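Colleague: Could you walk me through this model and tell me how its labels are earned?
Modeller: Gladly, have a look at it here.

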Amino acid sequence: MDKGRPDTSISADMSDNRNVSRTRFGDIIFSRLTLFFGLLIVAILVGLLVALNFDAWPAIQKFGLSFLTSTEWDPVKEEFGALPAIYGTLLSSLIGLVIAVPISLGSAIFLSDLAPQWMRKPCSFLIEMLAAIPSVIIGLWGLYVMVPFIRSPVEAWLGSNLGFLPLFQGPPFGVGFLSAGIILAIMVIPIITAVSREVVCAVPLTQREAMLALGATRWEMITRSVLPYCRSGLVGAVMLGLGRALGETMAVTMVIGNAYALSPSLFSPGATIASKVASEFNEASGDLYIGSLIELALVLFAITLVVNIMARLMVWRTVSVRGTGE
Amino acid sequence: MKTHDGYFSRKQLSRLMLVLCGCAATIVIVVLILILGYTLVNGISYLNLDFITQPSKPVGEAGGGMRDDIYGTFILVGLASVIALPIGLMAGIFLAEFAGPRAASAIRFAADILAGVPSIIVGVFAYAILVRPMHSYSALSAGVALAIIMIPVVARTAEESLRLVPNSQREAAMALGISRWRMTLGVIVPGAVTGIVTGIMLAVARIAGETAPLIFTALGSAFGVQGLTEPIGALPLQIYRYALSPYSDWQKQAWAAAFLLVILVLGINIIVRLVSSRKKI
């Protein structure tokens, strides 16, 4: 959607020569200046990649690809591997999404189609407020309010009733993957809800009316007409949430328990890439140790980059469908 | 009769699922109320005048506060704004007014990617380019890290608000014969100022609560604010440290600090939204 901008040459032609050159000169300087600052954003992104690679180089050179598959993390022997952190990052984000997606989609449908008109704005506002709460505060709440609750009724109940599954075995610590997943769910629900609400609202009214006219109930209208119409936008919304969950640091660091192990149990303490970097970076010494932590950050960067790019492409596609449809 | 039954159960299912959707929205709002409620109630019971007027005390000594960390947060936010605002605004002007479609989509893409980079990685970046070469944790490196988080937000919101200025204003200004840069700064930017300020304030609210990028840039300081090349304390950083400490005195102070931070961050958010929604009507 590029607006046709007025052509400067017309006004320039009509004024006298001295003015022309001065006007043109100022314009050129100014547009070059804005271009410079625009390119600066690209430069920061490139600089980020280069600097991280440069500082991670000792670790990349020493461990090569085995960095990704090793489970060792021993600063004394200087053996470092990323697998438990990658596993923890993916597992906690997965738990987060499993909890967040149904709640977010339900809320989005409620806000776009079901809620009475007077409720929609205040409800959206409250959900946006949840997104605005700093993550360290959610972590503080998680550590002192949620984790004790998870430990005694939730994990104890799951352990005694579903303890035959490997997922729910082991002592209930409270801190661990389950708590981290729930905290992540709380943190990504606002973004998934907001984006999918927008996407659902973008479905034309005629789609809904046609389905209702065929005798569908409201729920059938939503599942057979609205949701299929905006499927890729919804997937994009979930991916945006995933991108946020993968990189979330403070709240997760505070409730995940910071243990470096591969365990199938959701009760066991673990670590994510972000929590590992956050909790060890200050104590790290030596190029190899610091390099390994920075390589961890690089791995996280690569994962979130892929997820975010895919998410943007999907959301763009749906929203531009709306643009041409109108 | 059979079709009637079928219709009835479809209707029941519909009603059930719609109620569940309502429940989902309720859960979200209940969680928000729980988090805010605990923070406000705990925070206000531990908050006192000393907390905002006294520097922190070592473990074991009663009392003390977070005066220096509150001050530090304002310095860091100010520093980040000074760095990020010119870059973000000029980039936004470029995107909205000067860029061709190809350059615009490339830079817009870079800005969106930068906005999606986890904040801890931005912290690692600031560590790599400033802390390591300067051999010292510093307020400056923390300010740069926060600025990098702020730039894409400011650039994109500035761009979007500038695009909302009607083209007739550009044409009117052009018809008067002024140059394009003066038109941009004198006519277009003032026309979009509400949206731009909204974006800036929301970005400020976001970086005020950021913790991850500060851990290994600002570090925290027990000696107050000493200058831009020295370590500096910040409110969110102190919440993190104190929350994980085993001392109940410190944990109480963490709640009090959380109270202040929530008031600051949500306060900015609420005011900005009220003002901008009134403007639209």
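**Helix packing in chain B**

Modeller: In this predicted model, α3(B) and α9(B) are oblique to each other.

Colleague: Why are α3(B) and α9(B) called oblique?

Modeller: Helix α3 (residues 67-98) of chain B and helix α9 (residues 193-208) of chain B pack at about 135°, their axes 10 Å apart. Angles under 35 degrees count as roughly parallel, over 145 as roughly antiparallel, 65 to 115 as roughly perpendicular and the rest as oblique, so α3(B) and α9(B) are oblique. Their crossing is right-handed.

Colleague: What makes the contact of α3(B) with α9(B)?

Modeller: B:Thr73, B:Val77, B:Ala80, B:Ser81 and B:Leu85 of α3(B) meet B:Ile200, B:Val204, B:Ile207 and B:Ala208 of α9(B); in contact means C-beta atoms, placed from the backbone, within 7 Å. These residues divide into seven nonpolar, two polar and no charged.

Colleague: How many residues of chain B are in contact with chain A?

Modeller: 75 residues of chain B are in contact with 75 residues of chain A. Helix α1 (residues 2-46) of chain B gives the largest share of chain B's side, 19 residues.

Colleague: Which domains does chain B have?

Modeller: The domain assignment gives domain 1 (2-46) and domain 2 (53-280), with 34 Å between their centres, taken over C-alpha atoms. Seven residues of domain 1 of chain B are in contact with seven of domain 2 of chain B.

Colleague: What are the ground rules?

Modeller: Residues are numbered from 1 along each chain as its sequence is written, and chains are lettered from A in the order in which they are written. Local features need pLDDT of at least 70, side-chain atom pairs count only at pLDDT 80 or more, and totals for chains, interfaces and linings use all residues.

Methods: Two residues are in contact if their C-beta atoms, placed from the backbone, lie within 7 Å. Helices (H or I, at least four residues) and strands (E, at least two) are DSSP runs, numbered from the N terminus. Axes are lines fitted to C-alpha atoms, for helices over the stretch in contact, and angles run from 0 to 180 degrees between N-to-C directions. A crossing is left-handed if the near helix is turned anticlockwise from the far one by less than a right angle, and right-handed if clockwise. Ala, Val, Leu, Ile, Met, Phe, Trp, Tyr, Cys and Pro count as nonpolar, Asp, Glu, Lys and Arg as charged, and the others, Gly among them, as polar. Domain bounds come from an automatic or database domain assignment.
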